[in-house]
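Open the structure in your viewer and keep the selection tool ready. This tour goes stop by stop, telling you what to select and what is there.

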Amino acid sequence: MAPAWKTALAAAILILGSGTALARPGDKAWIASWGSAQMIPDGENALPAEASRAVTLRQIVRLSAGGSELRVRLSNRFGTRPLRIGAAHVARAAKPGTAQIRGGVPLTFAGSPGAVIPAGAEIYSDSVSLALAPGADLAISLYLPETPEPQTGHPGARATSFLLAGSHVDDADLPGARTTTRWYLIADVEVAAPAGAATVVAIGDSITDGYGVKPEANSRWTDVFAARLRSNAATRGIGVLNAGIGGNRILLDGSGPNLMARFDRDVVARSGVRWAIVLEGINDLGMLTRDAPATPAQHKALVEEVIGAYRQLSARAHTHGIKLIGGTVMPFSGNGYYHPGPELEAARQAINTFIRTSGTFDAVIDFDRLMRDPMHPDRLAPAYDSGDHLHPSEAGYRVMGEAVPLSLFTAPAARTNASAIQR
């Protein structure tokens with residue numbers, strides 16, 4: 001007969017295995033329906049000084065996937081002291097660009113109306129019932145007795161947020177509120193998902209973040225892509241999350257943490273993520289020669305380091321069952337800030353060849369072929385160029401969003417390394 005301690009240990013292992021393998025009745029599956037990449041909003045991107053204490057902050061976000069139940073994740077990722085949330089509320093936005101809301105419900109945290117978020121941490125609200133259609137605009141109102149330092153947020157909101165002294169989280173309007181086009185402290189909105197629902201994260205730099213898009217226009221390429229998913233019955237339950245950061249780089253910090261540092265937080269750790277689209281590298285290339293010419297050895301080393309980073313990201317994604325879709329780096333010759341020359345163009349071509357042919361990615365979206373000028377392939381096509389020869393115009397963003405094949409998100413799980421776009 002086995003000793004009593006062995007019998008007890010075996011029983012404990014059996015119970016633990018059973019408990020971790022089987023979902024409990026009533027457990028919900030959550031997917032991210034909206035989100036942003038967090039960074040330190042310093043300088044003009046920070047909350048104004050007069051809004052540093054006892055202020056209501058109302059922020060409008062557009063969901064991708066809909067649902068009848070949601071929860072919000074708040075972030076104090078870059079704060080160095082605890083952040084107190086005095087009260088919180090969610091409601092349908094009456095009209096984007098205004099602070100007006102319709103109805104809504106308070107948010108609670110473990111049953112309490114407020115919460116304290118430790119330095120460097122993020123927390124979920126309790127789930128609430130609020131029916132929202134795909135593409136709905138949600139108003140998130142937070143009462144902050146005081147704001148953290150440094151702050152956590154996302155400057156590239158392309159949406160109007162509202163600040164008003166005092167606690168007004170459930171007020172139908174905020175007359176006299178100060179406006180800003182930044183988001184603060186909100187990381188994700190998740191919805192309770194039906195079977196088969198999932199999320200795709202687009203992670204990248206200012207081209208994904210939507211540089212040049214006007215507030216409330218919702219015309220980033222990811223917005224166009226999300227609208228197409230919503231209009232297709234087979235993909236209507238898929239969420240799209242934009243994790244772009246303007247000026248972001250793969251290898252080095254710049255505007256926000258580098259891609260290698262933030263990939264786990266912005267992709268892997270988010271609920272329901274099944275795919276990630278990576279479109280980044282143009283700032284790594286541009287900064288190489290921004291202030292002084294680079295040697296051939298430096299160009300070669302950068303290409304090798306970017307390729308090594310892509311391999312690492314692919315391995316990390318696949319470890320967590322996430323398909324990684326690579327976007328080729330678009331042309332930027334003629335840009336006055338980076339002033340790229342033939343050597344930098346050769347490095348871009350080498351990186352794109354790797355993306356297209358290496359098999360590192362589960363699929364490739366060839367934004368380079370899609371967006372380049374056929375007569376001058378080192379430049380954006382004039383119709384798609386915002387004028388700075390780096391960022392797409394609104395028409396360019398629309399073409400990018402329309403070109404993402406929906407079949408990538410409905411096909412069987414088998415890997416495909418074929419280029420998803422041919423021109």
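Is Met400 buried or exposed? Select Met400 and show the surface around it. Met400 counts as buried, because its relative accessibility is 0%, under the 20% cut-off. Keep in mind throughout that this is a predicted model.

**Stop 1: around Met400**

Met400 lies in helix H9. Now select its contacts. Leaving aside neighbours within four places in sequence, Met400 is in contact with Ile207, Trp221, Leu279 and Met330. Phe367, Leu370, Met371 and Pro392 complete that list.

Widen the selection to the helix, residues 394-403. The buried residues of H9 are Gly396, Tyr397, Val399, Met400, Gly401 and Ala403. What covers them? Among the covering elements are helix H2 (206-209) and helix H3 (221-231). Strand S18 (273-279) and helix H8 (367-371) also belong to that cover.

For a sense of distance, add Glu122 to the view. Glu122 and Met400 are 278 residues apart along the chain. Their C-alpha atoms are separated by 33 Å.

**Stop 2: helix H3**

Move to H3, one of the elements covering H9. How many of the 11 residues of H3 are buried? The count is 8, so H3 is largely enclosed by the rest of the structure. Colour them: Trp221, Thr222, Asp223, Val224, Phe225, Ala226, Leu229 and Arg230. The cover over these residues includes S16, H2, S17, S18, H8 and H9. Trp221 is worth a second look, as a contact of Met400 and a buried residue of H3.

**Stop 3: strands S17 and S16**

Select residues 238-244, which form strand S17. 7 of its 7 residues are buried, so S17 is largely enclosed by the rest of the structure. Turn the view to see the two faces. In a regular strand the side chains alternate between the two faces of the sheet. On one side of S17 sit Ile238, Val240, Asn242 and Gly244. On the other are Gly239, Leu241 and Ala243. Both faces are covered.

Add strand S16, residues 198-204. S16 and S17 pair in the parallel sense over 7 bridges. To find one of the partnerships, pick Ala202; its bridge partner in S17 is Asn242.

**Stop 4: strand S2 and its partners**

Jump to residues 53-62, strand S2. Of its 10 residues, 7 are buried, so S2 is largely enclosed by the rest of the structure. Which way does S2 pair with S10? The two run antiparallel, over 9 bridges. Pick Val61 and look across to Leu138, its bridge partner in S10.

S2 also pairs with S12, again antiparallel. Here there are 4 bridges. Select Arg58 to find Phe162 of S12 standing opposite.

**Stop 5: the loop after S10**

Follow S10 (137-146) into the loop that leads to strand S11 (153-154). Thr147 lies in this loop. Its relative accessibility is 6%, so Thr147 counts as buried. Not counting residues up to four places away in sequence, Thr147 touches Leu47, Ala51, Ser52, Arg81 and Leu83.

Pro150 lies in the loop between S10 and S11 too. Zoom in on the backbone. A cis peptide bond joins Glu149 and Pro150, with omega at about -5 degrees.

**Stop 6: two positive phi angles**

Select Arg158, in the loop between S11 and strand S12 (161-165). Arg158 is not a glycine, yet its phi is positive, at about 55 degrees. With a relative accessible area of 18%, Arg158 is buried.

Then select Ala110, in the loop between strand S6 (101-107) and strand S7 (115-117). Phi of Ala110 is near 55 degrees, another positive value in a residue other than glycine. Ala110 is exposed, with a relative accessible area of 75%.

**Last stop: the whole chain**

Zoom out and show the cartoon. The protein chain has 9 helices and 22 strands. Its radius of gyration is 23 Å, close to the 22 Å that the globule rule gives for 423 residues, so the chain is as compact as a globular protein of that length. Along its principal axes the C-alpha trace spans about 75 × 65 × 45 Å. Of the 423 residues, 54% count as buried.

Switch to a charge colouring to finish. There are 40 positive and 38 negative side chains. The centres of the two sets lie 5 Å apart.

Note on methods
Residues numbered from 1 in each chain as written. Predicted model: local features only at pLDDT ≥ 70, side-chain atom pairs only at ≥ 80, totals over all residues. Heavy atoms only, no water. Rg over C-alpha atoms; globule rule 2.2 N^0.38 Å. Buried < 20%, exposed > 50% of the residue type's maximum accessible area, 1.4 Å probe, protein only. Lys, Arg positive; Asp, Glu negative; His and termini not counted. Charge placed at Lys NZ, Arg CZ, Asp CG, Glu CD. Pairing = 2+ DSSP bridges. Contact = heavy atoms within 4.5 Å.
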